[in-house]
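Subject: Structure handover and what turned up in it

Hi,

Here is the structure I promised to pass on to you. Please open it alongside this email, as the notes below are easier to follow with the model on screen.

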Amino acid sequence: MENTKHLKRFYGRRHGKGLSDIKQDLMDQMMPKLALPLADISDMHSLFGMNVDRIHLDIGFGGGENLIQRIIDHSVTGFIGAEPFIDGVGSFLAHLDNQADKSYQERIRLFADDVRDMIPHFPDASIDSLSILYPDPWPKARHHKRRMIVMDNLDMFARILKSGSLIELASDIPDYIENALENFTAHDAFEIISVSREPFEGWTSTRYEQKAIREGRTPQYVTLKRI
Ligand SMILES: C[S@@+](CC[C@H](N)C(=O)[O-])C[C@H]1O[C@@H](n2cnc3c(N)ncnc32)[C@H](O)[C@@H]1O
């Protein structure tokens with residue numbers, strides 16, 4: 001397959017203050033097993049260490065508080081998480097390592113980089129559900145093209161999502177929700193199912209969400225369907 005890596009310019013943060021020794025050790029020990037091998041992912045189900053019935057993609061899982069709980073709650077789902085912020089990946093690995101049940105590690109594969117460099121390697125209609133939780137807001141109008149919910153990315157999501165699959169989008173920025181809904185509406189592959197101030201069923205909050213609430217912003221939860 002064509003090497004599409006780094007064709008797209010990434011504007012977010014890849015590093016914070018530097019990984020603690022503990023997180024660096026977790027990266028060294030766990031990533032060789034958990035890192036998604038881009039070279040051949042023609043059979044997505046074979047990526048996992050056990051049989052899975054469905055595959056969920058989490059774009060920008062941050063510290064992974066929501067992702068780890070999903071893995072615990074959905075025992076026959078395989079998960080793929082993309083997160084270019086290495087400190088976030090380290091936090092997620094710490095959550096995963098803290099679980100007594102080591103079989104969770106068989107159902108998660110990680111891409112510690114820009115999701116737009118990973119998706120082109122996926123087969124068509126290979127993903128059963130997608131979450132994009134609190135995507136970076138890029139509030140200035142001239143930066144809106146850096147947002148995750150732009151038409152080029154919607155084309156990519158449309159290609160890899162199975163017909164009928166659901167997308168969860170959460171944001172605390174009203175303008176982000178408005179702009180995302182406009183784009184999803186303009187795209188013929190998606191249908192808006194609901195826009196709510198009530199969290200999704202089985203929701204696990206994240207540090208990012210709690211900070212937004214503390215600072216007086218109101219989360220909105222949008223469910224969309226790949227037609
Ligand atoms: C505001 S944080 C939210 C994190 C997490 N989803 C949560 O709800 O707590 C947005 C995350 O998206 C990640 N992100 C930004 N651009 C991305 C990209 N192109 N591919 C994958 N993740 C990305 C950032 O690194 C960051 O961790």
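Below are my notes, going from the whole chain to the sheet, the helices, the ligand and two backbone details.

**The chain as a whole**

Please keep in mind that this is a predicted model. The protein chain contains seven helices and seven strands. Read from the N terminus, these elements follow the order α-β-α-β-α-β-α-β-α-β-α-β-α-β. The chain has a radius of gyration of 17 Å, close to the 17 Å from the globule rule for 227 residues, so it is as compact as a globular protein of that length. The C-alpha trace spans about 40 × 40 × 35 Å along its principal axes.

Two further values describe the packing. Of the 227 residues, 33% count as buried. Among contacts with a separation of 6 or more, 80% are between residues 24 or more positions apart.

**The sheet**

How are the strands arranged? The seven of them make an open sheet with mixed pairing, in the order β3-β2-β1-β4-β5-β7-β6. At the edges are β3 and β6 (190-196), each of which pairs on one side only. From one strand to the next, the twist averages 15 degrees.

Starting from the β3 edge, β2 and β3 are parallel and share four bridges. One residue pair to look at here is I80, whose bridge partner in β3 is R109. The side chains of β3 itself go two ways: I108 and L110 point one way, R109 and F111 point the other way, and all are buried.

Further along the sheet, β1 and β4 run parallel and are joined by four bridges. In this part of the sheet, H56 stands opposite S129 in β4.

Towards the other edge the pairing is antiparallel: β5 and β7 pair in that sense over six bridges, and six bridges join β6 to β7, which also run antiparallel. For the first of these pairings, S171 has Q220 in β7 as its bridge partner. For the second, F190 stands opposite R226 in β7.

Which side chains of β7 are buried, and which are not? They alternate along the strand: Q220, V222, L224 and R226 point to one face and are buried. Y221, T223 and K225 point to the other face and are not buried.

**Helices against the sheet**

Helix α5 (residues 151-160) lies across β4, β5 (161-171), β6 and β7 (220-226), and runs at about 135 degrees to β5. Helix α6 (residues 174-186) also packs on the sheet, where it touches β5, β6 and β7. The direction of α6 makes about 155 degrees with that of β6.

Helix α2 (residues 65-73) is worth a look too. Its buried residues are N66, L67, I68, R70 and I71. The cover over these residues includes the strands β1 (54-59), β2 (77-82), β3 (108-111) and β4 (127-133), as well as helix α3 (86-98).

**The ligand**

What surrounds the ligand? There are 21 residues around it, and the closest are G60, G62, V115, T206 and Y208. The elements that give two or more residues to this shell are α4 (115-118) and α7 (207-214). By residue type, the shell divides into eleven nonpolar, five polar and five charged residues.

**Two backbone details**

Finally, here is something to check on the backbone. Most residues other than glycine have a negative phi. A125 has a positive value, with phi near 45 degrees. This residue is found in the loop between α4 and β4. A125 has 14 other C-beta atoms within 10 Å, so it is partly exposed.

W138 also has a positive phi, near 40 degrees, and is likewise a residue other than glycine. Where is W138? It lies in the loop between β4 and α5. Is W138 buried or partly exposed? W138 counts as partly exposed because it has 18 C-beta neighbours inside 10 Å, while a buried residue needs 20 or more.

That is everything from my side. Happy to talk any of it through once you have had a look.

Best wishes

How values were computed: Residues numbered from 1 in each chain as written. Predicted model: local features only at pLDDT ≥ 70, side-chain atom pairs only at ≥ 80, totals over all residues. Buried ≥ 20, exposed ≤ 12 C-beta atoms within 10 Å, placed from the backbone. Contact = placed C-beta atoms within 7 Å. Near = placed C-beta within 6 Å. Nonpolar A, V, L, I, M, F, W, Y, C, P; charged D, E, K, R; others polar. Pairing = 2+ DSSP bridges. Axes fitted to C-alpha atoms, helices over the stretch in contact; angles between N-to-C directions. Rg over C-alpha atoms; globule rule 2.2 N^0.38 Å.
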